[in-house]
Amino acid sequence: MKKLFKILLYFIGAISIIFVGLISFIVFFLPNVGKPDKITIERTPERIERGKYLATSVMVCVDCHSQRDWTKFAGPIVTGTEGRGGERFDQRYGFPGVFYSKNITPYTLSGWTDGEIFRTITTGVDKKGAALFPIMPYHYYGQLDKEDIYSVIAYIRTLPEIKTDVPKSKADFPFSIIQHLIPRKANLQTRPAESDTIAYGKYMITASGCQECHTKDNKGQIIAGLEYAGGREFAISAGIVRSSNLTPDINGLKTWTAEQFIKRFKMYQDTSFHSPVISAKDFNTIMPWMMYSKMKASDLNAIFAYLKTIKPIANKVEKFTAKS
């Protein structure tokens with residue numbers, strides 16, 4: 001009996017050593033996405049203009065990396081805060097920790113090389129190679145064209161410096177361990193010609209990261225097979241708001257026309273529209289309508305054309321549930 005007990009102790013000890021060793025390997029040696037490329041991006045007017053369009057209207061980098069005014073519908077950006085970071089994402093909204101968007105003005109990025117910024121956007125590691133929580137949808141950005149990422153970098157290099165220090169993000173356990181496993185090497189693609197409408201629409205919706213918010217999730221990870229079916233929940237002060245079904249199902253976009261889809265976005269670009277002030281008890285949305293409304297109609301049309309080709313998923317979404 002004593003011998004059996006000793007064997008059991010040795011077995012438990014061996015398993016413990018293996019477990020600790022595995023955790024240590026993950027923490028100290030991962031992620032491993034390679035060193036940043038040694039690149040210097042030429043800041044041509046054309047590249048900066050393309051980058052501005054992507055960063056403010058498609059990838060909407062400026063949306064998360066600025067201050068949003070949540071006293072108004074759709075939380076428009078507070079003018080003068082572009083790139084300062086500091087938006088907080090925490091357990092109130094279902095995140096496994098407390099995460100802050102980074103300051104991406106020269107106050108922070110002047111100490112970064114273009115290669116380091118490129119690696120961060122496309123793989124999800126910071127200047128030191130540490131894993132970032134995928135609030136920034138770097139897995140999608142890592143599927144874009146290298147030239148488009150170059151353009152975004154060229155543009156954000158032109159942002160005015162804002163001297164704001166952002167608190168350090170902190171993941172809860174065990175996600176603090178799991179987070180090391182999320183970044184991966186980029187799988188860069190070539191941007192399709194705009195004439196190839198479906199392929200171009202797929203590229204642009206990838207750049208927009210729509211799938212991330214319009215798919216149900218399990219502890220922050222989207223559920224495979226439910227892509228674009230909507231229903232992801234977001235906690236706001238007034239209750240729970242859910243993303244729309246974007247598949248060509250009767251509960252989604254089946255009866256929509258391209259004109260209706262484009263108009264839904266462009267209504268927020270109308271000069272007569274002003275984001276109304278709301279109370280903490282009113283319905284609101286995290287959808288950055290003001291930014292997406294500036295997307296070109298041709299790009300929105302391509303996105304709609306692509307969405308019409310994906311698998312319809314029957315998911316009737318209750319848009320909003322108010323707090324009792």
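The predicted model holds an open sheet of 3 strands in the order 1-2-3, with antiparallel pairing. Here strands (E, at least two residues) and helices (H or I, at least four residues) are DSSP runs numbered from the N terminus, and two strands pair if DSSP finds at least two bridges between them. Strand 1 and strand 3 stand at the edges with a single partner strand each, so one side of each has no neighbour in the sheet. Residues are numbered from 1 along each chain as its sequence is written. Because this is a predicted model, local features need pLDDT of at least 70 and side-chain atom pairs count only at pLDDT 80 or more, while totals for chains, interfaces and linings use all residues; side-chain values use heavy atoms, leaving out hydrogens and water.

Strand 1 (residues 88–89) runs antiparallel to strand 2, and 2 bridges join them; R88 has Y100 of strand 2 as its bridge partner. Another 2 bridges link strand 2 to strand 3 (residues 170–171), again antiparallel, with G97 opposite A171 in strand 3. In a regular strand the side chains alternate between the two faces of the sheet. Both faces of strand 2 (residues 97–100) are covered: G97 and F99 on one side, and V98 and Y100 on the other, are all buried (under 20% relative accessible area, 1.4 Å probe, protein chains only).

Turning to the interior, the largest nonpolar core has 55 residues, and M59, V152, I156, Y228, F261 and L307 have the most contacts inside it. Such a core is a set of buried Ala, Val, Leu, Ile, Met, Phe, Trp, Tyr and Cys residues joined through side-chain atoms within 4.5 Å. Helix 7 supplies the largest share of this core, 7 residues. A second, separate core of 9 residues includes F95, L132, A171 and I182.

Finally, there is the second largest pocket, with a volume of about 590 Å³. Of the 28 residues lining this pocket, P76, I77, M290, M291 and K294 are the closest to its centre. On a 1 Å grid over the protein atoms alone, a pocket is an open set of points where a 1.4 Å probe fits, with protein on both sides within 12 Å along at least five of seven lines; lining residues have an atom within 4 Å of a point. The volume is the space filled by probe spheres set on the points, which are joined across faces, edges and corners. Helix 12 gives the most to the lining, with 3 residues.

Note on methods: Buried means under 20% relative accessible area, exposed over 50%, partly exposed in between (1.4 Å probe, protein chains only).
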